[in-house]
Amino acid sequence: MKFAPLALLLLSCSASAAAPLHIQLELPKPEHGPYHRPYVAVWVEDANEKPVRLIEIWREKPDWIKDLRRFWRKTGRADPPLVDARTGATKGPGRYQLIWDGKDDTGVAVTQGDYLLVLEAAREHGGRNLVKQPFRWDESALEIKVKAGTELGEIILTKGTN
């Protein structure tokens, strides 16, 4: 039993020593109709689909955040200060780079294991996309490409690759 605290410390150190998860996200421009910038939320959930870290949210008016249905149910309505802290302006078409450092919303390194990267987008006079991409958080490298949808273009996750 004397070694239990040391084991926890080593586990915590190894989890935080993992390379960050790089998220490349594309927002496509639709070919038809009026274009409004989408509201986008990006977050990490654990294997039980419990929110771990809100990486970023892009929105304009707070009332429309409810259109990000999964995000609203999981985090948006429950933690307005967190949402405000991570909110940025909506973005136009293009490629964007985000990073997850392996920490939860309180700044504590998560343990190694299975997680979901969740991306949700909704656009006025447009559609909506929800992407749930499983990945393993540990010291190993990864590269995952997710097919494009109508509101979210191609998504590429990389960790520990050159």
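Helix α2 (residues 69-76) lies across four strands: β2 (39-46), β3, β6 (113-122) and β7. The helix runs at about 55° to β2. Axes here are lines fitted to C-alpha atoms, for helices over the stretch in contact, and angles run from 0 to 180 degrees between N-to-C directions. Contact means heavy atoms within 4.5 Å. Helices (H or I, at least four residues) and strands (E, at least two) are DSSP runs, numbered from the N terminus.

This is a predicted model: local features need pLDDT of at least 70, side-chain atom pairs count only at pLDDT 80 or more, and totals for chains, interfaces and linings use all residues. Residues are numbered from 1 along each chain as its sequence is written, and side-chain values use heavy atoms, with hydrogens and water left out.

**The five-stranded sheet**

5 strands form an open sheet in the order β4-β3-β2-β6-β7, with mixed pairing. Two strands pair if DSSP finds at least two bridges between them. β4 (87-88) and β7 stand at the edges, each with a single partner strand, so one side of each has no neighbour in the sheet. The pairs compare as follows.

| Pair | Sense | Bridges | Opposite residues |
|---|---|---|---|
| β3 and β4 | parallel | 2 bridges | Trp-58 and Gly-88 |
| β2 and β3 | antiparallel | 6 bridges | Val-40 and Trp-58 |
| β2 and β6 | antiparallel | 8 bridges | Val-44 and Leu-117 |
| β6 and β7 | antiparallel | 10 bridges | Leu-117 and Gln-133 |

Two of these pairs are hairpins. β2 and β3 have 4 residues between them, and Glu-49 in the turn has a positive phi of about 65°. β6 and β7 have 5 residues between them, and His-125 in that turn has a positive phi of about 60°.

**Two strands, two patterns**

In a regular strand the side chains alternate between the two faces of the sheet. Along β7, Asn-129, Val-131, Gln-133, Phe-135 and Trp-137 point to one face and are buried. Buried means under 20% relative accessible area, exposed over 50%, partly exposed in between (1.4 Å probe, protein chains only). Arg-128, Leu-130, Lys-132, Pro-134 and Arg-136 point to the other face and are not buried.

In β2, 8 of its 8 residues are buried. Both faces of β2 are covered. Tyr-39, Ala-41, Trp-43 and Glu-45 lie on one side, and Val-40, Val-42, Val-44 and Asp-46 on the other.

**The four-stranded sheet**

4 strands form an open sheet in the order β5-β1-β9-β8, with antiparallel pairing. The edge strands β5 (94-100) and β8 each pair on one side only. The twist averages 15° from one strand to the next. Inside this sheet, β1 (residues 21-27) and β9 (residues 155-159) pair over 4 bridges. His-22 stands opposite Thr-158 in β9.

Where does Ala-141 sit? Its place is in the loop between β7 (128-137) and β8 (142-146). Ala-141 counts as partly exposed because its relative accessibility is 46%. Ala-141 and Thr-158 are 17 residues apart in sequence and 7.4 Å apart in space, C-alpha to C-alpha. Not counting residues up to four places away in sequence, Ala-141 touches Lys-159, Gly-160 and Thr-161.

**The largest pocket**

The largest pocket has a volume of about 280 Å³. Of its 15 lining residues, the closest to the centre are Arg-37, Tyr-39, Trp-64, Arg-123 and Glu-124. A pocket is an open set of points on a 1 Å grid over the protein atoms alone, where a 1.4 Å probe fits, with protein on both sides within 12 Å along at least five of seven lines; lining residues have an atom within 4 Å of a point. Grid points are joined across faces, edges and corners, and a volume is the space filled by probe spheres set on the points.
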